[in-house]
Amino acid sequence: MIFECTPETWENAGFEDTNEADTIQKLSEIFIEELDGHELLSNKSHWRQFPTITNKNWHKDNIVLLGDAKATAHYSIGSGTKLAMECAIALSDSIVKFGTNIEKAFTNYEQLRRNRVEMIQHAAGVSLEWFENMDRHMQHDFMQFAFGVMTRAKKVTFENLALRDKSFTEKVLTEFNCSIGNFKVTVPAAFTAFSLRGMQLKNRIVMSPMGQYSAENGLVSDWHLVHYGARATGGVGLVLTEMTAVSQSGRITLGCPGIYTEEQTLAWKKITDYIHRNTKSKIGIQLGHSGRKGSVNVPSVGNNIPLEENGWNLISASPIAFNKQMAVPKEMDIDDMNTVVAEFANAAINADAAGFDMIELQAHHGFLLASFISPLTNARTDEFGGSIENRLKFPIRVFTAMREIFNLYKPMSVRISASDWAKNGISEADVLAISETFKRAGADIINVSTGNTVENQEPQIGRMWQTPFSDLVRNSVHIPTITAGFIQDIDQINTILLNGRADLVALGKPLLLDPNFVRHAQAYELFKTDDIPNQYVQGIAPFYQMQQADRREKENMKRALKPETHKKVMNNL
Ligand SMILES: Cc1cc2nc3c(=O)[nH]c(=O)nc-3n(C[C@H](O)[C@H](O)[C@H](O)COP(=O)(O)OP(=O)(O)OC[C@H]3O[C@@H](n4cnc5c(N)ncnc54)[C@H](O)[C@@H]3O)c2cc1C
Ligand SMILES: Cc1cc2nc3c(=O)[nH]c(=O)nc-3n(C[C@H](O)[C@H](O)[C@H](O)COP(=O)(O)O)c2cc1C
């Protein structure tokens, strides 16, 4: 038996001062019911925190590393011994192949094994994090907790668990549906409804904010109408617009839209009207100010390249330039702050008038409000710098001013960066404080993103890579969250939702070339929806048949394969 507990439990139970015999005695008492009269045997049992070991080089001269000395994998995925044995076999093969040329043999061994070892170590790391944050998961309902254990390392998903044991996944889905009041029908998690204040979403798939850099003088055009309109007819529950500036100098590029004039407000209204008239989707606007990252060319010219003509002066929390090419921003004084608060409040009024169902405040990715929050961009010594409480003061002032003036029936979200992916950046404690404070200020949901605060960031990108941050906020602060980042298919979306790692799942790049992502997913899941525009209804039957045929083929392939190939295909899927 392996006993895991939090440092607090360990300390409170006085385990720090107990020897092996006393520990065994105490655990035997705690787990008396589970032991059912059996004795707890010990074998060099001691308390430890799992050490994750990695090595840049696996050999030097005539010394070579194997097993745990080379790389450990947290025991919760049960792979350490297997890794050690497979590496030993590869080393043996290499020595047989290269004979006395030890250097070549060792190099070959490392080439054969490093990739595989690092993949397993990554999965083990994700699993370790799940176990070490058990408190977050223990609050979940029973089946959700069990599903979380099964899918913790991200490799196993709802769909491939269903192939192994459908009765289990059915229970998970039924429990999820019951928890949200769906007692009669079992709907795939992604297609369940979700409400915030007076806004009701028909499903949980969100179009993530994505700059189009196609506006002129801050005005959205026919491009935006077709772009947003197509994703709404394509069935996303909520469209979130690209970052929309609250003032002319709050734009990032000359192609960014704004909502600081009446003309801009009316141009946006054309889009919201179209969506409300023709679809059941809702549309929220992301309001922001570029801060020190403004006055640059559009990304098609290059990232963060300052404008040579028609640029403007930058403002930020502190006079620190984003990169060597960009200008040093002015440190904002109280007058600047008052101006920016008024601009955000004005934009909130315009957003309501333009017919938006929701506002998302941009307080992430290193833009103006985020520059106050991160210690890497805020070096102030006044009441707006230093502690996280101080760093939050200005962003919260902006949020509060908007919340006071914005339609009470409409929700407000805030998008935060939950990590700077850089040394001395935002900490986990900061993230909790940020989320708590916005929750208290009236945020209905937090869109949990990461990074883009500083140029020298080192993000760890992979499948569903930002979801653990959403998990942290949702299950520690108890506020609904949106997650995004490399989420590729309906199975991953369902798995995230059923795990309770987020309430809404946002897709960015997957929607760029496929406005009908949601329609494909609905057909794949055989989910009958009532929001396909009348003009398209004749397409439903053949489309559903096609998606179902694809799904059957995929499942048959998985079932028919031999165990080893089956495993490879499952991993790749
Ligand atoms: C609690 C727990 C559960 C696990 N569960 C699983 C599982 O279910 N499945 C799985 O595959 N893996 C599991 N593992 C991982 C697995 O045990 C290890 O990956 C594996 O034992 C590594 O083998 P190794 O030979 O590299 O190291 P070890 O098995 O640690 O062997 C190293 C040996 O070297 C000895 N030693 C150390 N220093 C010296 C010295 N100076 N002189 C002489 N001898 C020395 C040690 O006493 C030890 O006997 C688990 C690990 C732990 C801790
Ligand atoms: C072209 C493009 C523009 C983006 N613009 C914004 C933006 O204006 N505001 C924002 O919050 N995020 C923006 N993002 C980030 C996305 O909202 C999303 O978080 C990110 O792309 C990760 O999701 P994905 O892997 O599904 O694309 C942008 C992403 C892309 C690809």
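Which helices each supply at least two residues of the shell around ligand 1? Keep that in mind while you load things up, and remember that this is a predicted model.

**Stop one: ligand 1**

Select ligand 1 and show its neighbours: Ile2, Arg48, Gly67, Asp68, Tyr75, Gly78, Ser79, Gly80, Thr81 and Lys82. Now colour by secondary structure and you have your answer: α4 (67-70) and α5 (80-98) each give at least two residues to this shell. The largest share, three residues, belongs to α5.

Next, turn on the polar contacts. Begin with Asp68, where an N or O atom of the side chain sits 2.7 Å from an oxygen atom of ligand 1. Then move on to the backbone. At Thr81, a polar backbone atom is 2.9 Å from an oxygen atom of the ligand, and at Gly80 a backbone N or O atom lies 3.4 Å from a ligand oxygen. Put a surface on the protein at this point: ligand 1 taken alone exposes 1000 Å², and the protein buries 36% of that.

If you like colouring by residue class, this shell splits into two nonpolar, five polar and three charged residues.

**Stop two: ligand 2**

Now centre on ligand 2. There are 15 residues around it, and the ones that come nearest are Ser208, Pro209, Arg415, Phe486 and Lys509. Colour these by class too, and the whole shell comes out as six nonpolar, six polar and three charged.

For the contacts, pick Gln286 first: an N or O atom in its side chain is 2.8 Å from a nitrogen atom of ligand 2. Two backbones are worth a click as well. Gly508 places a backbone N or O atom 2.8 Å from an oxygen atom of the ligand, while Met243 has a backbone N or O atom 3.0 Å from a ligand oxygen. Bring the surface back: on its own ligand 2 exposes 600 Å², of which the protein buries 81%.

Which elements give two or more residues to the shell around ligand 2? Switch to the cartoon and look for β6 (238-245) and α19 (509-512).

**Last stop: the cysteines**

How many disulfides does a search of the whole structure find? Zero. While you're there, select two of the cysteines and compare their surroundings. Cys256 counts as buried because its relative accessibility is 3%, which falls under the 20% cut-off. Cys178 has a relative accessible area of 29%, so it is partly exposed.

How values were computed: Residues numbered from 1 in each chain as written. Chains lettered and ligands numbered in written order. Predicted model: local features only at pLDDT ≥ 70, side-chain atom pairs only at ≥ 80, totals over all residues. Heavy atoms only, no water. Near = heavy atom within 4 Å. Polar contact = N/O pair within 3.5 Å; in protein donor to acceptor, adjacent residues only side chain to side chain. Areas by Shrake-Rupley, 256 points an atom, 1.4 Å probe, with all protein chains shown as cover. Helix = DSSP H or I, 4+ residues; strand = E, 2+ residues; numbered from the N terminus. Nonpolar A, V, L, I, M, F, W, Y, C, P; charged D, E, K, R; others polar. Disulfide = S-S within 2.5 Å. Buried < 20%, exposed > 50% of the residue type's maximum accessible area, 1.4 Å probe, protein only.
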